[in-house]
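Reader: Please pick one acidic side chain in this model and go through its surroundings closely. Where does it sit, what does it pair with, and how does that part fit into the rest of the chain?

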Amino acid sequence: MMMMMNQNPTMEIGSLRSNLIWVGHSSNDRCLHSIKFYPFHHRSIFPGKWKGNRDGFFPNRHFHVNCKIQTQELQIRKCSPILESSLLSRDGTLVSDEWKAVPDIWRTSAEKYGDRIAITDTYHDPPSALTYKQLEQEILDFAEGLRVIGIKPDEKLSLFADNSYRWLVVDQGSMTTGAINVVRGSRSSVEELLQIYNHSESVGLAVDNPELFNRISEAFHSKAKIRFIILLWGDKSSLSNEGVEGIPVYNYKQIIQSGQDSRRAIHDSSDVRESYVYEAINSDDIATLVYTSGTTGNPKGVMLTHQNLLHQIHNLWDIVPAEVGDRFLSMLPPWHAYERACEYFTFTHGVEQVYTIVRNLKDDLRQYQPEYIISVPLVYETLYSGIQKQISTSSAARKLIALTFLRASMAYMDFKRIYQGTYLSRNPKQPSILVSLFDWLWARIIAAILWPVHVLAKKLVYSKIHSAIGISKAGVSGGGSLPAHVDKFFEAIGVKVQNGYGLTESAPVVSARRPNLNVLGSVGHPIQHTEFKIVDSESGRVLSPGEIGIVKVRGPQVMKGYFKNPGATEQVLDKEGWLNTGDVGWIAPHHSRGRSRRCGGLVVLQGRAKDTIVLSTGENVEPVELEEAALTSPVIQQIVVIGQDQRRLGAIIVPNKEEALLLAKVLSIVDSNATELSQENLKNLIYNELRKRTSACSFQIGPILVVDEPFTIDGGLMTPTMKIRRDKVVALYKEQIDNLYK
């Protein structure tokens, strides 16, 4: 920057560094090639009279220097330390080899697995398959594109979209800039999305497609401040004109192109590079806000840091020992903390992630034959129901053979658990040596007798199931309680299902069953660096192994707190870092011998504390036990046990009418050519099934309410993570429930 100086010379000062100014000047039309660097600490400079002979000025020439100051504000940019290490190194910042931010994983994975396919996404237009190198570059381009349109560190970007590779790019691109993404799926209500957007103080909206935007546009246009809109899929011309009036709208490719152009300019021009100051993202910085989909109350914004998520990435291999080239089938909402953490983890091991959708799950299982599927219990229940239906509709001979094999295999696995020492027990007192020896010997003998039948079943029946669903290594279940009958079924047919436990507030995994210790009925041991304790709900006293109480956890994955909600944070997170999960459970006692000798330290859950039903008799009932038992019947599709403050329990049941009709024909309740059941016959059939299936439970169900309409996400009776909203169901049928107890 040079300027001319006459009798009243002018100096221009431009800022190139946070503590330097550069000055050029000339006098009497003579250009003096002199550059001075002056340290400064203030935006204002007050020059006084200058006298003397400096840098080519004539001696003894007295004049005032009038400074015209033009300052250029330096733009501070945060960046992912390893992913964008080249930017930090130019600023003299030392870059560690250790991941400090979640997006750092992409540089490492691109270097290790470069041309391997990372993602396959066939259900969007255009269908896509990206290598690790391509995915890394797309994330970098999108991150820079966000900076170009004005996103700043720590600002919030709402990302309302479903499963796709572009969701992942937006998620990781925004994290790379130091911004905080606020995530939710498209099936949430308009009111919920608006509440999340406004409560989070988001400045922009990244939305899945025109259909979703047009559904929410009216409410958002009048009740939300939106600086910009990014459309992940679809055509901008399909957006509602009223919804986008006065708001810049970009499609995904425009952001990518802007990012590419800006990255090229930064690389080619030192002037452009030096107009920014780069700072590394800190591992304690907030990476994302995830609003809980809790079954009661309004969602709360869980603040998860990069450190919280990196803990999961570093420690999930013990549960899922993924290898390069393994294929994972993904169908959960990507904003779900469980799916999200698992995706991040798997991409650090060179796997191929294949996106699918619910209605095509069975076809994609058959086509892609994945080594792993990570999902919620409902998916495994659906697979179980499909297999059972196929068995029940086969010929009488085949049905008899299949059911006989299944009973034999389940018995074999029961005895195998006994002699292997993986049979859960709450009893802190271990058996004597003699009893243990007899127990082991008896289980060994019976298992040996059943083993040939089990092997034959694997060859004749189970192999066909395996070829239909793949899952050659494991299905990992989380996000809810896995029903015992489903767990035992998959164990019997040789499909390993590893049940885990976690909460959004813990990023989410805190425990899981290991491949070499997959103890049914438990949620496994705590993962590394994670502590558990069971406390009394009233006194807070720490309970001994085997005693039932409230589960508390502590570890590096536990959230920073709830956004703008210190009161709610204090209720669940104490000063010592213990998170109150609100779940009821116990820790298995340590035995050195007997059928439970390998179960010590395993965590067992028994339900939610707030789901506990207190009868008017003062008895506490955990509804999960009854509901799981009832769901073993093919005629019961969904159930919610009720009875708070009543003398006896009741239930709201959604029947599977197709299965009910088949059973009614078998029992000769209706003719073989009947096409439907009367309400009275249906109710009696369900009630008899309910009594039979729950007969072994501690409590029995009395009156039942049979409803036709299933509990769905769209109907507001299930969370986006497919858990039934008990309070909503009870509120919807309040009048009928009242009549039920009259």
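**The close look**

Author: Glutamate 352 has a relative accessibility of 15%, and it counts as buried because the cut-off for that class is under 20%. The model is predicted, and what follows describes that model.

The partner of glutamate 352 is arginine 327: the two form a salt bridge, with 3.3 Å between the closest N and O atoms. Arginine 327 belongs to strand β16 and glutamate 352 to strand β17, so the pair links distant parts of the chain, 25 residues apart. The two ends of the bridge fall into separate burial classes. Arginine 327 is partly exposed, because its relative accessible area is 25% and the partly exposed class lies between 20% and 50%. Glutamate 352, at 15%, is buried.

The backbone joins these two strands as well. Strand β16 covers residues 327–330 and strand β17 residues 352–355; they run parallel and are joined by 4 bridges. Within this pairing, phenylalanine 328 of β16 has glutamine 353 as its bridge partner in β17. Between the strands comes helix α11, residues 337–347, and β16, α11 and β17 together make a β-α-β unit that is right-handed.

Strand β16 has a further neighbour. It pairs with strand β18, residues 372–375, again in the parallel sense, here over 2 bridges. The contact point to look for is leucine 329, whose bridge partner in β18 is isoleucine 373. β16 is thus paired with β17 and also with β18. In a regular strand, side chains alternate between the two faces of the sheet.

Helix α11 of this unit also serves as cover for another helix. In α2, residues 104–113, the buried residues are Asp104, Ile105, Trp106, Ser109, Ala110 and Tyr113. They are covered by elements that include α11, together with α3 (132–148), α4 (165–176) and α10 (306–315). An α-helix has 3.6 residues a turn, so residues three or four places apart point the same way.

Other salt bridges give a frame for the one at glutamate 352. The whole structure contains 32 of them. One joins arginine 608 to aspartate 583, with the closest N and O atoms 3.0 Å apart. Arginine 608 is in strand β27 (residues 603–608) and aspartate 583 in strand β26 (residues 579–587), so this pair ties together parts 25 residues apart in sequence. Here, too, the arginine is partly exposed, at 26% relative accessibility, while the acid, aspartate 583, is buried at 8%.

A second example is glutamate 658 with lysine 389, whose closest N and O atoms are 3.1 Å apart. Glutamate 658 lies in helix α19 (residues 657–666) and lysine 389 in helix α13 (residues 377–392), and the pair links parts of the chain that are 269 residues apart. In this case glutamate 658 is partly exposed, with a relative accessible area of 48%, and lysine 389 is partly exposed as well, at 34%. Salt bridges also join into a network, made of Arg77, Glu84, Glu144 and Arg147.

The helix that holds lysine 389, α13, leads to another enclosed part. Helix α16, residues 484–493, has 8 of its 10 residues buried, so it is largely enclosed by the rest of the structure. Those buried residues are His485, Val486, Asp487, Phe489, Phe490, Glu491, Ala492 and Ile493. Their cover includes α13, α14 (396–420), α15, β20 (497–502) and α18 (623–630). Just after α16 comes glycine 494, with a positive phi of about 90°.

Helix α15, part of that cover, spans residues 433–469 and holds leucine 437. Leucine 437 is exposed, with 53% relative accessible area. With Trp440, Leu441, Ile445 and Ile449 it makes a nonpolar surface patch of about 490 Å².

For the chain as a whole, buried residues make up 53% of the 742 residues, and glutamate 352 is one of the buried ones. The chain has 22 helices and 32 strands. Of the contacts between residues at least 6 apart in sequence, 66% join residues at least 24 apart. About 34500 Å² of the chain is exposed, with 51% of that area supplied by carbon and sulfur atoms.

Notes
Residues are numbered from 1 along each chain as its sequence is written. This is a predicted model: local features need pLDDT of at least 70, side-chain atom pairs count only at pLDDT 80 or more; totals for chains, interfaces and linings use all residues. Side-chain values use heavy atoms; hydrogens and water are left out. Patches are made of residues with over 30% relative accessible area and no salt bridge: like charges are joined within 9 Å, nonpolar side chains (Val, Leu, Ile, Met, Phe, Trp, Tyr) within 5 Å. Accessible areas come from the Shrake-Rupley method with a 1.4 Å probe; for residues, only the protein chains shown count as cover. A salt bridge is a side-chain nitrogen of Lys or Arg within 4 Å of a carboxyl oxygen of Asp or Glu. Buried means under 20% relative accessible area, exposed over 50%, partly exposed in between (1.4 Å probe, protein chains only). Two strands pair if DSSP finds at least two bridges between them. A crossover is right-handed if, with the strands pointing away from the viewer, the path from the first strand over the helix to the second runs clockwise. Contact means heavy atoms within 4.5 Å.
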